[in-house]
Amino acid sequence: MKRHLLIALSSVAALSMSAVSAIAATPNPQPGCPDGWVPRPPELNPALGECMPGEIAPPSGGGILKKQLPDLKIRGYQFSERAPQSVRVQIINQGNAIAKPSNLRLTVTQIKGVKVNRMLEVQLPAFKPHQSSNFLVNASEILPSDVDLKDTTFRLKADATLLVNESDESDNVALHHP
C-alpha cells in the first residue's frame, strides 16, 4: 500500500514539475498570443482564455482537427456620386485567426476600350477574426480627369502580395466591368 502511494505521489510530483517547466518555457509576447497560438474565436467558450493552440488534436491522439487561419474576403464594393474616381471596398476576415497587416490592390485594366495596366495599393490594418471594415480607394492619380472609376474595367485584390497565410486565397478578388 505504501509503495503504491509513493509511486502515485512521485508521479503527481513529476507531472507538476513538467507542467511548471512547460508554463515557464512558453513565450508570451505582448501584445497577442504566444508562437503557435491564435486568438480564441468569439464563438468558442470564453473560459478557454484569450488564446488557444493554432492546431487542435483530438484527445485520442489522432490527426489535427483544424488549423486556425485568417481568411480575408472582399465582401463588396460601392461607387459614390460625390467621388466618381473612388470606390468604397468592404473587406472581412471570415477566418478564425488574426490577419496581419497587408494591402489592397486596385488594378485598372481598361479605360475607354483601351487596355492599360495601372495599379495602386492601400495599406490594410490587421483584422481580428470576423472583423470587417470599409476602405475608400481613390484612383484619381491613375485615371484621366474625365474618367469615372465605374466606367473602367478593374480588379480589386485583398492581400495582393500574399503576406497573410489564409485558409482560402480564392475569395480575395473582385472584378468590375462597366
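This is a short tour of the structure, from the whole chain to one group of aromatic rings. The model is predicted.

**Stop 1: the whole chain.** Select everything and show it as a cartoon. You will find 1 helix and 11 strands. Which comes at the start of the pattern, helix or strand? Follow the sequence: the helix leads, and the strands come after it.

**Stop 2: the surface.** Switch on the surface view. The accessible area is about 11,300 Å². Carbon and sulfur atoms account for 57% of that area. Of the 178 residues in the chain, 34% count as buried.

**Stop 3: the contacts.** Return to the cartoon. Take the contacts with a separation of 6 or more: 58% of them join residues 24 or more positions apart.

**Stop 4: the aromatic rings.** Show the side chains of Phe, Tyr and Trp. The chain has 4 aromatic pairs. One of them joins Phe79 and Phe154. Select both. Their ring centres are 6.1 Å apart, with 80° between the planes, an edge-to-face pair.

Now colour the two strands involved. Phe79 belongs to strand E5, residues 72-79. Phe154 belongs to strand E10, residues 152-158. The pair links distant parts of the chain, 75 residues apart.

**Stop 5: cover on each ring.** Keep the pair selected. Which class does each residue fall into, buried or partly exposed? Phe154 has 2% relative accessibility, so this residue counts as buried. Phe79 has 29%, so this one counts as partly exposed.

**Stop 6: the cluster.** Add Tyr77 to the selection. Tyr77, Phe79 and Phe154 make up one aromatic cluster. The tour ends here.

Note on methods:
Residues are numbered from 1 along each chain as its sequence is written. This is a predicted model: local features need pLDDT of at least 70, side-chain atom pairs count only at pLDDT 80 or more; totals for chains, interfaces and linings use all residues. Side-chain values use heavy atoms; hydrogens and water are left out. Helices (H or I, at least four residues) and strands (E, at least two) are DSSP runs, numbered from the N terminus. Buried means under 20% relative accessible area, exposed over 50%, partly exposed in between (1.4 Å probe, protein chains only). Contact means heavy atoms within 4.5 Å. Accessible areas come from the Shrake-Rupley method with a 1.4 Å probe; for residues, only the protein chains shown count as cover. Rings of Phe, Tyr and Trp (its six-membered ring) pair if their centres lie within 6.5 Å; planes under 30 degrees apart count as stacked, over 60 as edge-to-face and the rest as tilted.
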